[in-house]
Amino acid sequence: MNANDVLPVSALSIIQAGCYCLSSRGEKIEAASCYKLKTVSQLKSSKDCYSFNKQKSELVEAGKRKLTKLKPYWREFAYMKQHYVGSNFVTSPAKMPGFDYWETNRLGQVGRLINDRVLFLTFDDWGSDESINKLLYVLKKHHVKATFFVLTENVDKNPNLLRAIAADDHEIASHSDSHVPLATSKKGAYHNLTAKETAAMRKDLAKSYQKLNKYVGDVQVGGKKALSLDFRPPTLEVSKKGLETAFDVGFQYAVSGDVSTNDYEQTSFQKYLHDLKYGSGKDDNDYKVTNGSVIVMHMLENAKYTAQVDQYTAAYSRQRAKESN
């Protein structure tokens, strides 16, 4: 095969030719974003060859009672208050069923971690080699680390992709196994979880963490585990029973965020970039990126502009980090 041949290949079937690759249209692509071709023998002797982590973790388990063992109730609430990084658009009992006004006013309603000139890039759900490798390439290019809140339902089908995220020194966290929200929604109203829903959620969250532990539980990032005890609530909505369950099974922090980009709905790259730079339009989920913002993005296929926008956010995050030192 000649390196200059142009093949009618899919977006994932990229052939490395010398120090560059060719796309299906014959365009040069930077080598760092391409796949390399290796023999099985080369892989078997590579440091990248790994085995699944057979040691089951006891940190997150369905039967655990980490939160509810704290008595009286004010100690439970104090723990939730300290470990819940909420959202600026989930702020009332209507969107946090089970909590009263006194409690919702004391739980996190800002969605930011600190006030320093630092941004936190986070990615939710799961995707394909194409969508996730684009993100990894941009982050590596700008020397920026992110947190990937992984929806684990389909991780078993592509564990190497999860391993690749961790191997690039990014933090891995749970986004549940099947995207079950921490608050149920019926006819536009949010409700606290029933006992049956709570029991099912316990199993779902434990299943999610055990999958992550199986594939990346042994990966180290900067001397600490790549797999964290952080958790992102699906849809960012929470109920009292739901939030209690997330902490009770063993998660240490529940992290929502103040910038929910809804990138899977974006139809214009220019508008998406404009909103990140100058603030979104006024609606229930309006946002403005500022010091300490936790930016919620996705690794989904239909979040088609996120990797492009990350060229800006990653560079901007790196610059802010420099200025804060």
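Which residues does tryptophan 126 touch, not counting residues up to four places away in sequence? In this predicted model, tryptophan 126 touches Ile132, Val150, Leu151, Asn154, Val155, Asn158, Leu161, Leu162, Ile165, Met299 and Leu300. Trp126 also belongs to the largest nonpolar core, which has 63 residues. Together with Phe148, Val150, Leu162 and Ile172, Trp126 is listed among the residues with the most contacts inside that core. Helix H6 (residues 195–216) supplies the largest share of this core, six residues. A second, separate core of five residues is also present, and its members include Val85, Phe149, Val255 and Val294.

The sheet offers a helpful way to find one's bearings. Eight strands form an open sheet with parallel pairing, in the order E4-E13-E12-E7-E6-E5-E15-E14. At its edges lie strand E4 (84–85) and strand E14 (259–260), each of which pairs on one side only. Elsewhere in the sheet, strand E12 (residues 227–231) runs parallel to strand E13 (residues 253–255), and two bridges join them. In this pair, aspartate 230 stands opposite tyrosine 253 of E13.

Strand E6 (residues 147–150) deserves a closer look. In a regular strand the side chains alternate between the two faces of the sheet. In E6, Thr147 and Phe149 point one way, while Phe148 and Val150 point the other way, and all are buried. The two directions can be set beside the cores: Phe148 and Val150 are among the residues with the most contacts inside the largest core, whereas Phe149 is included in the second, separate core.

The neighbours of E6 in the sheet can be followed through phenylalanine 148. Strand E5 (residues 120–125) runs parallel to E6 and is joined to it by four bridges, and phenylalanine 148 in E6 is the bridge partner of phenylalanine 123. Between these two strands the chain passes through helix H4 (residues 129–141), giving a right-handed β-α-β crossover from E5 to E6. E6 also pairs with strand E7 (residues 171–174) in the parallel sense, again over four bridges. Here phenylalanine 148 stands opposite isoleucine 172 of E7. The chain reaches E7 from E6 through helix H5 (residues 159–167), and this β-α-β crossover is right-handed too.

Another tryptophan can be found in helix H3 (residues 101–104), namely tryptophan 102. Is tryptophan 102 buried, partly exposed or exposed? Tryptophan 102 counts as partly exposed because its relative accessibility is 49%. Serine 92 lies 10 residues from tryptophan 102 in sequence, and their C-alpha atoms are 9.9 Å apart in space.

Key
Residues numbered from 1 in each chain as written. Predicted model: local features only at pLDDT ≥ 70, side-chain atom pairs only at ≥ 80, totals over all residues. Heavy atoms only, no water. Buried < 20%, exposed > 50% of the residue type's maximum accessible area, 1.4 Å probe, protein only. Pairing = 2+ DSSP bridges. Right-handed = clockwise from strand over helix to strand, strands pointing away. Core = buried A, V, L, I, M, F, W, Y, C linked by side-chain atoms within 4.5 Å. Contact = heavy atoms within 4.5 Å.
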